[in-house]
Amino acid sequence: MNKRFTELAKQAGLQQTKWADADTEDERVRIWQESLNNPGSLEKFAELLVKECAETINDGTNPSIFYQHQILRHFGVEE
């Protein structure tokens with residue numbers, strides 16, 4: 001997984017856990033998931049990801065700011 005995705009997952013409160021493959025009982029695979037103790041962390045991760053993507057296109061020009069706001073509105077991060 002991309003290092004930045006990992007940072008955003010941690011920031012959002014997602015938990016990394018082992019995932020056993022039912023066919024091989026291999027527990028080396030690790031996944032990120034929302035915890036019952038931290039509901040809403042998956043939604044927070046998605047919001048952080050959308051904001052990060054929108055920020056990367058903003059170079060300060062009017063067109064880039066327009067598209068940044070369009071992306072945020074499209075995903076419901078900004079009204």
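The following questions and answers concern a predicted model of one protein chain.

Visitor: Which pattern does the protein chain follow along the sequence?
Guide: In this predicted model, local features need pLDDT of at least 70 and side-chain atom pairs count only at pLDDT 80 or more, while totals for chains, interfaces and linings use all residues. Residues are numbered from 1 along each chain as its sequence is written, and side-chain values use heavy atoms, leaving out hydrogens and water. The chain has 3 helices and 2 strands, taken as DSSP runs (helices H or I, at least four residues; strands E, at least two) numbered from the N terminus. Read along the sequence, the pattern is α-β-β-α-α.

Visitor: Which helix gives the largest nonpolar core its largest share?
Guide: A nonpolar core is a set of buried Ala, Val, Leu, Ile, Met, Phe, Trp, Tyr and Cys residues joined through side-chain atoms within 4.5 Å, where buried means under 20% relative accessible area with a 1.4 Å probe, protein chains only. Here the largest one has 6 residues: L8, A9, A12, L14, F45 and L48. Both α1 (3-12) and α2 (41-56) supply at least two of them. The largest share, 3 residues, comes from α1.

Visitor: Which residues does L8 touch, leaving out those up to four places away in sequence?
Guide: Contact means heavy atoms within 4.5 Å. With that sequence exclusion, the residues touched by L8 are F45, L48, L49 and E52.

Visitor: How far apart are the end C-alpha atoms of α2?
Guide: The expected span of a helix is 1.5 Å times one less than its number of residues. The 16 residues of α2 should therefore span 22 Å, and this agrees with the distance between its end C-alpha atoms, 23 Å.

Notes:
Buried < 20%, exposed > 50% of the residue type's maximum accessible area, 1.4 Å probe, protein only.
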